[in-house]
Amino acid sequence: MSTIELKQATKKYGDFVAARDVDLSVKKGEVVCLLGPSGCGKTTTLRMIAGLERITSGEVIVAGQRMNDLPPEKRDIAMVFQFYALYPALTVGENIAMPLHHEKISATEMKTRVDKVAEILHLGSVLNRLPGQVSEGEKQRVAVARAIVRDPNCFLFDEPLSRLDVELRHSMRGQIKQVLSNLSKATVIVTHDQLEALTMADRIAIMKDGIIEQVGTPHEVFAKPANVFVGSFIGTPQMNLVEAKLSDFDKGKAVVSFNGQDIEITTNERVGKLSSPKITIGIRPRAFTAESKANKENIQAVAELIEPMGAETLVHARTKGGNDIRVVVPREKRVKVGEALHLRPDAAQTHVFGEDGKAVRL
Amino acid sequence: MAEVTSIWEKLGFRKASGVSEAGWGQTLFAGLISLIYFLPVLLIIITSFKLQTEALSIPPKFMPTNLFGLIPDAYVFSPTLENYTSVFSRAMTSGGVAENTGFDRYFFNSIMIASVSVLLALVIGTLAAFGFSRYPLKGNDTYLFVILTTRMLPAIVVIIPIILMFRVAGLSGSYLGIIMLYTAFNLPFTIWMMKSFFDELSLDVEDAARLDGSSGLKVFFKICLPQVLAGLAATFVFGLILTWNEFLFALLLTGIDTRTVPVAMSQAVAGGGIGVLWGLLAAIETLFLIPVFFVTFFLQDHLLRGVTFGTVKR
C-alpha cells in the first residue's frame, strides 16, 4: 500500500531546527504539495522521507513500515531532484534503467520497461545521448522517467519545474499530473510556486520556519487560510492585510477602525468574543466592489498606481490612514490615478485574524 | 557559418566557440615567446645528433643540413645516430670493445618504478580522498593538513632517517623499497587533488543513486569515479612527471640493479676522464623525454579539463 506518514518528525542541525513536529499523511494516489518560502524546511522534510536526512525525533512510516533507520537504498522510494541529478557518464537510456538494476529482471524486460516510459515521456529519440547533450526540458523528463520506470513505494519531487522556462513549465505541469494520476501512488511535491501547488496537488501543506502552518485542499487554503501567513502566501496578487482595532460588535456586524476610518463589516459571532481588540483584516484584491458613494460599509481610498495585467487591472490605492490596498478591477473599468474609490469588501471573502495571527472562524 | 576543421583541430587542439582567432602578428609573437621556453629542449635534441667535437664548437652548429647552400657551412653539422647506439652499448675504456651499458635495464626500471608507484598512489589516494570528502572524520582538516606536512619537509632533511630505516628494514636497493617510498611521496598530492575533484561533484547525483538502490560502494564505482576521470588523468600525469624526474632518493636508495635513468645518467656522463660527453648526455635526455611526452600528449584533453575543473559553474 503506497502511503506516507510523518509523525512529529523533527530535524535539528545543532541548535537550528529545520523541521519541527511535522505531521503529514499522504494516502494512496494522493498528491500533496509542500509549499513555502525558501528555507522553510520543505526540502528537509522531503529528504527525511527519502532517508537522505536522518530524522532527529519522530517517525517516518512509508507503506506501513517504519523507515527511521533504513538507508535510502532500502526504502524503495523514487525521487526527482531539483537539478535532475542525472548520471553524467551514462546515456539517457542507461539513466532510466539504473533503478531497474536492483530488481533482478532480464535485459529484455528491462529494455521493454525503459522503452515504455520513454514513449510516455517522448524520450525515444534521445535514449542514446548523454545527459549533457539533451535540452533542459528533456533532462527534466529523463528525471521523471527514471522515477516512474519502477514501481516504488511512493514518489517525491523536489522543485521539479523550477529550472524550466514558463512555457515548458506549463506543459510539464500537465504531463506530470497526468502521469501521476495513472500511477496512484502517494506523492509529495516540494515547490515554492503556489500556482504549481494549486494546480497539481490534491492537498497542500504550507510550511514556514520548519512548521506546517496549514494542510488542506487547494480550495481550503485559498478560501479559508488558517492564519495571516497562509493568507498572505497564497493568492496573487497578495491578500490585503490591514491591522485594525475592533471597536464595536453587534449581531454579526463588527465595526473596525484602521487609522482613523471606521467601517462596518459582516463577520461571524466569534469575532465578538475576542479578548483583544487588536485584529488583522484580510481581504483578497478581487473581493472588492467599487461603489459610487462613500458609506459606512466601504473603504475610502485614492488610486495611486495602475498596473494593467491583461484581463484585469491591478490598482494600488491608499487609504486615508496611509494603508496600501491592492484592488483588482475588471479591464472594462477604467481607473485614473488620483481617483477616489469607495471599496466595499465582500463579506464572504473578508477574513478576520486575531492578535495571535490565527483566523477567527466559526 | 562554415565549419572549418584544420589539421590542428583533428589532432585535438580546439579553440573555444565564439572566440575569434588571433592575428598573424600576435601569433608570431606568441611563437617567439614559446621558442624561448622550448629552446633548451630543442638544443638538447639537436645536440643528441652531434659528435663530441661538433657539440663543443663555437659558433654553435645548429642546422643538420645546409638547405641547398643557404646556410654557411660553419653552422651545419653532420647528423649521426652514434650517440643513441652508445647509450645502450659502447666501449668503456678507450680502444676497448663495446659492452652493454645497462641502460635498457635503467629505462625499464624508471618506467616500472614510476608507473607502479604512481598507479598505487592513485588507487590508495582516490579511495582516501573519497573518504575524506564524503565521510569526514572529526577534525578532518587536521588529518588533511598532517598528510600535507609530509611534503613540506625538503627531501634532503628526511633522507638520512629514511636511509637508516631502509637499511634496518633491508629495503635499500630493492624495487619494493623505492616503490613504497615513491607511493608515499605521491599520496599527499593525490589525496589533495582527488579530494578537490570529489568535492566539486553534485551530491544530488549520489543521493539519486542511493534512492535508486545503490549502496555506498556502487555509488563510488559507478557514479563518482566516471565523473572524475579527467581528474584521475591529471593527477596521474603530474605524479608521473614528479616521480620520473626524481633524483635524490633514487640516487641514495636504489642499487645497481634497480637504478633509475636520472641516476644512471649522472654517472654515465661523469666518468671517462675526457670531460662531459654532451652528445651522449643529450641522447639519454631525449630518450628520457619520450615516455612522459607521449603520456602527456595522449591525456592532454583530460589534462586540460582536469586542471580547469570546477571553474565553470553548472
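Me: I'd like to start with helix H1, residues 42-50 of chain A. Which strands does H1 lie across?

Reply: To read a helix against a sheet, look for the strands it crosses and the angle it makes with one of them. In this predicted model, H1 of chain A lies across S1, S2 and S4 of chain A. Its direction runs at about 65° to S2(A).

Me: In what order do the strands of that sheet stand?

Reply: Read a sheet from one side to the other, not along the chain. Here four strands of chain A form an open sheet, in the order S2-S1-S4-S5, and the pairing is antiparallel. Strand S2 (16-26) and strand S5 (65-66) each have a single partner strand, so one side of each is left without a neighbour in the sheet.

Me: How many bridges hold S1 and S4 together as a pair?

Reply: Five bridges, in the antiparallel sense, between strand S1 (residues 4-13) and strand S4 (residues 57-62) of chain A. If you want a spot to check by eye, find Lys7(A): it stands opposite Glu59(A) in S4(A).

Me: Let me zoom out for a moment. How many helices and strands are there in chain A?

Reply: Chain A has eight helices and 20 strands. Its C-alpha atoms fill a box of roughly 75 × 45 × 35 Å along the principal axes. Of its 362 residues, 41% are buried. Then there's the question of how far along the chain contacting residues lie: among contacts in chain A with a separation of 6 or more, 65% are between residues 24 or more positions apart.

Me: Now a strand from the middle of the numbering. How many residues of S8 in chain A are buried?

Reply: For a strand, ask about each of its two faces. Strand S8 (residues 186-191) of chain A is mostly covered, with six of its six residues buried. On one side sit Ala186(A), Val188(A) and Val190(A), and on the other Thr187(A), Ile189(A) and Thr191(A); both faces are covered.

Me: Which strands pair with S8, and is the sense parallel or antiparallel?

Reply: Strand S3 (residues 31-35) of chain A pairs with S8(A) in the parallel sense over five bridges. Strand S7 (residues 154-158) of chain A also runs parallel to S8(A), and five bridges join them. You can trace each pairing through one residue: Val32(A) has Val188(A) as its bridge partner in S8(A), while Asp158(A) has Val190(A).

Me: Next, helix H3. How do I tell whether its length looks as expected?

Reply: Compare its span with the number of residues. H3 (residues 107-120) of chain A has 14 residues and reaches 20 Å from its first C-alpha to its last, close to the 20 Å expected at 1.5 Å a residue.

Me: And which residues of H3 are buried, and which are exposed?

Reply: Val114(A), Val117(A) and Ala118(A) are buried. Seen down the axis of H3(A), its buried residues fall within an arc of 105°, so they line one face of the helix. Thr108(A), Glu109(A), Thr112(A) and Glu119(A), on the other side of H3(A), are exposed. What covers the buried residues includes helix H2 (92-97) and helix H4 (136-148) of chain A. Just after the helix comes His122(A), with a positive phi near 55°.

Me: There's another sheet further on. What is the order of its five strands?

Reply: S13-S12-S11-S14-S20 of chain A, again an open sheet with antiparallel pairing. The edges are strand S13 (261-266) and strand S20 (350-353), each pairing on one side only. From one strand to the next, the twist averages 40°. Strand S14 (residues 278-283) and S20(A) pair over four bridges, and Gly282(A) has His351(A) as its bridge partner in S20(A).

Me: Where is Gly321 of chain A, and is it buried, exposed or partly exposed?

Reply: Look in the loop between strand S17 (312-319) and strand S18 (324-330) of chain A. Gly321(A) is partly exposed: 15 other C-beta atoms lie within 10 Å, and a residue needs 20 or more to be buried, or 12 or fewer to be exposed. Its C-alpha is separated by 9.2 Å from that of Ala301(A), 20 residues apart along the chain.

Me: Finally, how many residues from each chain does the contact between A and B take?

Reply: For a contact between chains, count both sides and then sort the residues by kind. The contact takes 16 residues from chain A and 14 residues from chain B. Strand S6 (residues 77-80) gives the most to the chain A side, with three residues. That side divides into 14 nonpolar, one polar and one charged.

Note on methods:
Residues numbered from 1 in each chain as written. Chains lettered and ligands numbered in written order. Predicted model: local features only at pLDDT ≥ 70, side-chain atom pairs only at ≥ 80, totals over all residues. Pairing = 2+ DSSP bridges. Contact = placed C-beta atoms within 7 Å. Axes fitted to C-alpha atoms, helices over the stretch in contact; angles between N-to-C directions. Expected span 1.5 Å × (residues − 1). Arc of directions from axis to C-beta. Nonpolar A, V, L, I, M, F, W, Y, C, P; charged D, E, K, R; others polar.
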